[in-house]
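Reader: I'd like to go through this one with you, a few spots at a time. Could you show me what we're working with?

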Amino acid sequence: MPQITCPACDKQLASITGYSQHLAKTTNPGCRALYLSSRQFAPGPPNEGEVDAPDPDHAMFEGDFFGTYAEDELAWPGSDDEEDAGKEHLDEDDSDYDIDDQTEWEPPAVPVHLSPAAPACVVRYPDIQAGQPVDVVKQPSNATYHAQLDDSSADNIYAPFASKLDWDIARWAKLRELNKIIDNELPGRPKFKRDQIVVANEAFDVYYRDIIECIKALFSDPNFADFLVFAPERHYADKDETIRLYHEMHTGKWWWNSQKHLDRERPGATIIPVIISSDKTQVTMFRNKTAYPVYMTIGNIPKDIPAGINGINMRRGDGTVHRGHPLFACFAGDYPEQVLATGIKTTQCPKCDIPSDELGLAPGIANWQPRDLGAVLDALCALDEGGLAFVRACTNAGIKPIVHPFWEGLPFVNIFESVTPDVLHQLYQGLIKHLLTWLSYACGSAEIDARCRRLPPNHHICIFAKGITTLSRFDISLPNNMSSARLLCAVRGLLDFLYFAQYPSHTSETLVLLNEALDVFHNNKDIFIDLGIRNSFNLPKLHFTAHYAHMIRMFGTTDNYNTEYTERLHIDLAKDAYQMTFRCTQTMTKHPTVKAVTIDKLANEYGATHFNESLAFMQLEDRAADIHIPFRTLPVFHKVKWLSADVCGHGDSPVTVDSVHARPGRSGTFASDSVTPRFDTVFVNDGTGGSLGTKGYRIAQVRVIFSIPPKAVPKLFPSTFQPPKHLAYVEWFSPFCIPNQDHGLHKVSRIIKNGERIASIIPISNIRCSTHLIPHFGPVAPREWTSANVLDECSSFYVNTYIDRYSFVTLR
C-alpha cells in the first residue's frame with residue numbers, strides 16, 4: 001500500500017484520510033502550523049449513500065459496546081469478579097442459487113465513491129487551548145516507546161533492551177509474573193452493579209455501570225485514538241463561508257456554544273458530549289416482562305465508527321491526557337421515553353409549549369416557544385415548600401411533579417433542547433406507518449396489495465407475496481372523482497422529508513429543502529380529511545418534524561443520535577449499516593456461475609435475442625479484424641455485487657450493499673426447488689455521467705453477464721485492444737425526461753425499433769448501481785402480471801426515486 005509522508009514530522013501515513021486526520025488532531029507545532037496554513041480539505045465526490053431498511057422488531061438485550069455477558073459477569077454487591085467475554089458478529093453475504101465458490105473474489109475493480117463531499121473551508125475554534133492535552137510536554141507512552149525504538153542501534157536485534165541478557169530477564173518476568181498481572185490486576189471494562197429500589201411496595205432490580213468509568217473506557221479505547229475529535233469546528237461548502245455544513249456533532253452549534261460558556265470558567269477544556277438513549281424492550285417471550293436499557297456513547301467518536309465544571313483527567317488510547325468535561329448533550333428515544341425523560345404530559349411536545357390541539361398545524365402557522373427551563377427548575381425547587389405547592393408549581397411550569405430528575409443538577413444542560421430527532425420511531429415507525437394506513441383507506445388495500453405483489457425484484461426491496469395491508473377495498477381511484485394530485489403531493493412531501501432527514505451531511509441549502517418538503521405535505525394533507533380518513537393531524541411525532549432543521553444545526557445530522565443504532569443493540573450489536581455512506585467496489589465472483597452457455601440458450605432462456613449482432617457491433621466499434629464469432633459457448637455470471645470498502649481503516653468486514661441479478665428460471669420437482677427468472681434493471685453511465693444527476697445516464701435491463709473466452713480474444717480484436725474482462729448484454733429504456741410535477745418520478749419506456757428491443761453489449765464497469773422501476777399499472781393492475789414477468793409485460797415505468805438514498809439524491 002502506498003504511504004504518504006507528513007512533511008513536518010516525517011510520519012508515515014497509510015492514506016490521504018490518515019494524513020488529514022493526523023494534521024487535524026496533531027499536537028506537533030510543525031504539523032499544526034501546516035494545518036493552519038492550509039485549512040482546506042481535498043474535494044471529494046458528493047455522492048450519497050444507501051440506506052438499509054431499519055429493523056422495527058425488538059429483541060432481547062444481549063450486550064453492549066463492551067460485549068455480551070454471562071450471569072457470573074454481573075458484579076453483585078460485594079463481588080469483584082470480572083471476566084472478558086463477547087463475540088464478534090459478522091455480516092453474512094447473500095448468495096446465488098448455483099454459485100459454488102462465494103469466498104473467492106477478484107481484487108477490487110472500479111471503486112464507486114459515495115461519501116459526502118469534504119468541506120471547502122474549516123474554521124477552527126478561536127481558542128487554540130480548546131481540546132488540547134493537559135500536559136503537551138510529556139510524550140504519550142506509545143510515542144516514547146517508538147522514539148526509543150528509533151534511537152536504538154540498528155545492529156541491536158534486542159532493542160530496546162541493551163543485550164540478550166536483559167531481553168531474557170524481561171521475557172522470564174513476563175511469562176512468570178507479568179501475565180498474571182495483566183490478566184488479574186489491570187483495569188478492564190466497567191463492571192455491572194445491581195441495586196434494588198422499592199416503588200409502591202414493589203421491588204425492582206436496577207443494573208448499572210458507573211457512567212464516568214464508561215466514558216473513560218470509550219475515551220481511552222485505542223481503537224478510537226486516531227479518530228476522536230476534541231474541539232468544535234465550523235465547516236463550509238464554499239471558501240466564502242456562506243454555505244454552512246452540518247454532519248459530525250462537532251460541526252453543530254451546540255458544541256461551539258458550550259465551549260464558549262465553559263471557557264469563561266475553565267479555559268482549555270475538552271468537551272465530551274454524552275449521548276443517552278433509552279427504549280423499552282421485551283425480555284421474555286411470555287408474561288410480558290420488559291426492561292428499559294439505557295445506552296450511552298460520546299460525541300467525540302465519529303459516527304462512522306459506530307464531569308461537569310471542574311473536569312476529569314482522561315487518558316486517550318494513545319496515552320495523551322485531556323481535562324475532559326463530560327456534558328450531557330443529547331437524549332434519543334421514542335416518544336414515551338421522551339415523555340418520561342422530560343416530565344411532560346402525553347400528547348404534548350417535549351421541546352416547545354405548543355397546545356396539543358395545534359400539533360397538526362404547519363410550522364409557519366403554529367405559534368409556539370421553546371420550553372422555559374428556568375421556570376421548570378424553579379418549579380422543581382418548590383419541593384421544599386410542601387407537596388401541594390410542588391404539584392401546583394410543576395403544573396404551572398408544564399411538567400408532571402417529578403422529584404429530582406436526573407438532569408436537574410447537570411451543568412450546561414437543557415433537557416428540552418437535548419431531546420433529538422428520532423428517524424426510526426418518529427418517521428419510519430411513526431409517520432410512514434400512519435401514511436400506509438391512510439393510503440390503504442384512500443386507495444383500497446386489495447389494489448395496493450396487488451401492485452406490491454407485482455413489483456419487479458431489486459436488492460433493496462422485499463416482495464410481499466400477500467401484499468402489505470389487510471383491508472378490503474378494490475379500486476385505486478378516489479371517491480367522488482377527487483383529483484389524486486393532492487394525494488400524490490402529500491405522499492411525496494412526506495417521503496422527501498424522510499430522505500432529506502437522513503442525509504449524512506447537510507448544508508444551509510439542503511436544510512431549506514428539508515423544510516420545503518415538510519411544507520409540501522402540510523399544504524396537501526387536508527386531502528385525507530376530505531376523504532374522511534382523518535379528523536385532524538394533532539400527532540406529536542408529526543409536529544416534531546418542525547424541529548428537525550434546528551436540531552441538525554445544533555447537534556449535526558440525525559445519524560449522530562438516531563435510536564436505530566441502539567435498536568440494533570437489542571438484537572446482536574451489529575453496526576447500523578449506512579454502508580453506502582462509504583466507498584463501495586463493484587465485484588465479481590472468481591468463477592462463472594455457468595461455465596458454458598450456448599448462443600442459442602442465451603437467446604431462448606436469457607432473452608438475449610440479438611447477442612450476435614450486438615457483439616458484432618461492439619467489434620466494429622473497437623475496430624475488430626472481422627465480425628466472425630469464433631466460439632459457441634460462453635462463461636456466464638448470474639450476479640454482480642457492490643461491496644462496502646473499509647476506507648476509514650476500522651477493520652470492518654465487507655458488506656454487500658447492492659447487487660444485480662441476471663438469471664433464467666429453473667423448474668424443480670418440488671415447488672421449493674423452482675427458481676423464478678430475474679433480470680434486474682440498472683443505471684448505466686454512457687461515459688459522460690457525473691457523480692450526481694441523470695445527465696449521462698440511461699436505464700437498462702441486464703440480460704446476460706458474461707466473459708469472452710480468452711482464446712477467442714485475439715480472433716475478435718486487434719492486438720492493440722484488450723476488451724473488458726466482464727461484459728453485459730442490456731436492453732435499453734428511453735432517456736430521462738422532465739419528472740412528473742405531482743409525484744416527481746421520471747417516466748421511462750422500452751425502446752422498440754421495427755418491433756424489436758434495442759440492445760447493446762457494454763462493460764459492466766459502466767453499470768453504476770441497480771435501479772427499481774415501478775410499472776405504470778393504470779386504474780387496476782392487470783392480474784396476469786407477476787413480479788417475474790412485469791418488466792416484459794408492462795410497456796412504461798416510473799423510476800423509483802425512493803428505493804435508496806443514492807437514487808433519491810440522483811433522481812430528485
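What follows is a set of questions and answers on helix packing, buried residues and backbone angles.

Reader: Before we start, what kind of model is this?

Author: Keep in mind that local features here need pLDDT of at least 70. That's because the model is predicted.

Reader: Okay, helices. How do helix 13 and helix 14 run relative to each other, roughly parallel or roughly antiparallel?

Author: Helix 13 covers residues 485–501 and helix 14 covers residues 508–524, and they pack at an angle of about 155° with their axes 7 Å apart. Anything over 145 degrees counts as roughly antiparallel. So helix 13 is, relative to helix 14, roughly antiparallel.

Reader: Which residues make that contact, and how do they divide by class?

Author: On the helix 13 side you'll find Arg486, Cys489, Ala490, Gly493, Leu494, Asp496, Phe497, Phe500 and Ala501. Helix 14 brings Leu513, Leu514, Ala517, Leu518, Val520, Phe521 and Asn524. By class, the contact of helix 13 with helix 14 comes to 12 nonpolar, 2 polar and 2 charged residues.

Reader: And what's the handedness where helix 14 crosses helix 17?

Author: Helix 14 and helix 17 pack at about 155°, with axes 9 Å apart, and are therefore roughly antiparallel to each other. The crossing of helix 13 and helix 14 is left-handed. For helix 14 and helix 17, the crossing is right-handed.

Reader: How does the contact of helix 14 with helix 17 divide by class?

Author: Helix 14 puts in Leu511, Leu514 and Asn515, while helix 17 puts in Tyr548, Ala549, Ile552 and Arg553. Sorted by class, the contact of helix 14 with helix 17 has 5 nonpolar, 1 polar and 1 charged.

Reader: Helix 17 also packs on helix 6. What's the orientation there?

Author: Helix 6 and helix 17 (residues 548–555) pack at an angle of about 50°, and their axes are 4 Å apart. Under 35 degrees would count as roughly parallel, and 65 to 115 as roughly perpendicular. The pair is therefore oblique.

Reader: Who's involved in it, and what classes are they?

Author: From helix 6 it's Lys253, Trp254, Trp255 and Asn257, and from helix 17 it's Arg553, Met554 and Phe555. The contact of helix 6 with helix 17 splits into 4 nonpolar, 1 polar and 2 charged.

Reader: Staying on helix 6, is Ser258 buried or exposed?

Author: Ser258 sits in helix 6 (residues 253–263). Not counting residues up to four places away in sequence, Ser258 touches Ile271 and Leu327. Its relative accessible area is 5%, and since buried means under 20%, Ser258 is buried.

Reader: Now helix 7. How many of its residues are buried, and what covers them?

Author: In helix 7 (residues 335–342), 6 of the 8 residues are buried, so the helix is largely enclosed by the rest of the structure. Those are Tyr335, Glu337, Gln338, Val339, Ala341 and Thr342. The cover includes strand 11 (270–278), strand 16 (321–333), helix 10 (415–418), helix 11 (423–443) and helix 16 (540–544).

Reader: Where does Pro336 fall, buried or partly exposed?

Author: Pro336 is found in helix 7, and its C-alpha is separated by 10.0 Å from that of Thr347, 11 residues apart along the chain. Pro336 has 45% relative accessibility, so it counts as partly exposed.

Reader: Which residue follows helix 7, and what's its phi?

Author: Gly343 comes after helix 7. The phi of Gly343 is positive, near 80°.

Reader: What phi does Ala200 have?

Author: Ala200 is in the loop between strand 7 (193–199) and strand 8 (202–208), and at 73% relative accessibility it counts as exposed. Its phi is positive in a residue other than glycine, near 55°.

Reader: And the phi of His404?

Author: His404 lies in the loop between helix 9 (387–397) and helix 10. It's exposed, with a relative accessible area of 53%. Phi is positive here too, in a residue other than glycine: near 45°.

Reader: Last one. Which backbone oxygen does the side chain of Thr681 reach?

Author: Thr681 lies in strand 24 (residues 681–685) and is buried, with a relative accessible area of 4%. Leaving out residues up to four places away in sequence, Thr681 touches several residues, among them Ala700, Phe733, His772 and Leu791. At 2.8 Å, its side chain reaches the backbone oxygen of Thr771.

Technical notes. Residues are numbered from 1 along each chain as its sequence is written. Side-chain values use heavy atoms; hydrogens and water are left out. Helices (H or I, at least four residues) and strands (E, at least two) are DSSP runs, numbered from the N terminus. Buried means under 20% relative accessible area, exposed over 50%, partly exposed in between (1.4 Å probe, protein chains only). A polar contact is a pair of N or O atoms within 3.5 Å; within protein, one must be able to donate a hydrogen and the other to accept it, and residues adjacent in sequence count only if both atoms are side-chain atoms. Contact means heavy atoms within 4.5 Å. Axes are lines fitted to C-alpha atoms, for helices over the stretch in contact, and angles run from 0 to 180 degrees between N-to-C directions. A crossing is left-handed if the near helix is turned anticlockwise from the far one by less than a right angle, and right-handed if clockwise. Ala, Val, Leu, Ile, Met, Phe, Trp, Tyr, Cys and Pro count as nonpolar, Asp, Glu, Lys and Arg as charged, and the others, Gly among them, as polar.
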